[in-house]
Amino acid sequence: MKGPSSKDSLDISVANYEDVILARQKARELMQSMGFSLLAQTRMVTAVSELARNMVVHAGRGQMSVNSVEKLNQKGIECIFQDKGPGIQNIDQALRQGFSTSNSLGLGLGGAKKLCAEFDIQTTVGKGTRVTIREWKTR
Ligand SMILES: Nc1ncnc2c1ncn2[C@@H]1O[C@H](COP(=O)(O)OP(=O)(O)OP(=O)(O)O)[C@@H](O)[C@H]1O
Ligand SMILES: [Mg+2]
């Protein structure tokens with residue numbers, strides 16, 4: 001998904017839990033500098049955390065890009081999580097609360113979707129997964 005026009009942009013390689021923390025920090029820093037509310041920051045950072053963690057747990061590693069975006073008169077943040085892991089066979093099932101192939105709570109993916117203004121997931125079994133989330137300042 002190629003989004004609205006992108007200004008600041010940052011790529012982070014995510015392979016372990018320290019990288020997940022760095023991903024959280026970078027998303028929060030950009031939101032802070034853009035003047036997002038603390039509540040909006042916390043929602044987005046929680047989603048970032050879950051999606052970054054999913055790349056580590058389910059795909060071994062992946063890339064996150066953090067971008068500032070604009071559409072019409074709205075400014076926003078966009079985070080894209082891309083991995084070359086096993087992909088997801090059934091997206092609806094994976095989004096359902098309580099579904100997990102890792103014996104965990106199965107809250108991450110569905111939770112991230114609920115927390116963000118925009119959520120898009122593209123996945124191909126055997127090739128990988130790409131999740132895009134966005135939050136807009138005026139929400
Ligand atoms: N990047 C990914 N690559 C492959 N499979 C994924 C990926 N992200 C999620 N999944 C699949 O979707 C399921 C649901 O993800 P979700 O984050 O909700 O749960 P979980 O990671 O198993 O547990 P939790 O996040 O609650 O600790 C996972 O169990 C896994 O099968
Ligand atoms: Mg998860």
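User: What makes you say that β3 and β5 pair, and in which sense do they do it?

Analyst: Count the bridges. Two strands pair once there are at least two bridges between them, and β3 and β5 have eight, running in the antiparallel sense. One spot to look at is Q82, which stands opposite R130 in β5. Keep in mind that this is a predicted model.

User: How do you know that β2 and β3 belong together, and how many bridges join them?

Analyst: The cut-off for pairing is at least two bridges, and β2 and β3 have nine, again antiparallel. V69 sits opposite G76 in β3. The two strands form a hairpin with two residues between them.

User: And β4 with β5: how many bridges join them?

Analyst: Seven, and strand β4 (residues 118-124) runs antiparallel to β5. With at least two bridges needed, that pair qualifies too. Here I121 faces V131 in β5. This hairpin has three residues between its strands, and G126 in it takes a positive phi near 85°.

User: What is the overall pattern these strands sit in, read along the sequence?

Analyst: It reads β-α-α-β-β-α-α-β-β, which comes to four helices and five strands.

User: Why is the protein chain called as compact as a globular protein of its length?

Analyst: Set the two values side by side. Its radius of gyration is 14 Å and the globule rule gives 14 Å for 139 residues, so the chain is as compact as a globular protein of that length. Along its principal axes, the C-alpha trace spans about 40 × 25 × 25 Å. As for burial, 29% of the 139 residues count as buried.

User: Why does G76 count as buried?

Analyst: The bar for buried is 20 or more other C-beta atoms within 10 Å. G76 has 22 such neighbours, so it counts as buried. This glycine is in strand β3.

User: Which residues is G76 in contact with, leaving aside its neighbours within four places in sequence?

Analyst: V69, R134, E135, W136 and K137. Take K137: it is 61 residues from G76 in sequence, while their C-alpha atoms are 5.6 Å apart in space. Across the chain, 65% of the contacts between residues at least 6 apart in sequence join residues at least 24 apart.

User: Does S37 count as buried or exposed, and why?

Analyst: Exposed, because it has 11 other C-beta atoms within 10 Å and the limit for exposed is 12 or fewer. S37 is in the loop between α1 and α2. K137 turns up here too: S37 and K137 are 100 residues apart in sequence and 8.5 Å apart in space, C-alpha to C-alpha.

User: What is odd about phi of L72?

Analyst: Its phi is positive, near 50°, and the residue is not a glycine. L72 is in the loop between β2 (62-71) and β3 (74-83). It has 5 other C-beta atoms within 10 Å, and 12 or fewer makes a residue exposed, so L72 is exposed.

User: What about N103: what sign does its phi have?

Analyst: Positive, about 60°, although N103 is not a glycine. It lies in the loop between α3 (91-95) and α4 (108-115). N103 has 6 other C-beta atoms within 10 Å, so it is exposed.

User: What makes up the largest nonpolar core?

Analyst: It has 26 residues, and those with the most contacts inside it are A27, V48, A52, M64, C79 and F81. α1 (17-34), α2, β2, β3, α4 and β5 (128-136) each supply at least two residues. α2 provides the largest share of this core, six residues. M64 touches I12, V14, A23, A52, C79, I80 and F81, not counting residues up to four places away in sequence. In soluble globular proteins, nonpolar side chains tend to be buried together.

User: Which residues are closest to ligand 1, and how many surround it?

Analyst: There are 24 around it, with A94, S100, T101, S104 and G108 the closest. α2 (38-59) and α4 each supply at least two residues of that shell, and α2 gives the most, with six.

User: How does the shell around ligand 1 split by class?

Analyst: Ten nonpolar, twelve polar and two charged residues. If you tally this yourself, note that Gly goes with the polar ones.

Note on methods
Residues numbered from 1 in each chain as written. Chains lettered and ligands numbered in written order. Predicted model: local features only at pLDDT ≥ 70, side-chain atom pairs only at ≥ 80, totals over all residues. Rg over C-alpha atoms; globule rule 2.2 N^0.38 Å. Contact = placed C-beta atoms within 7 Å. Near = placed C-beta within 6 Å. Core = buried A, V, L, I, M, F, W, Y, C linked by C-beta atoms within 7 Å.
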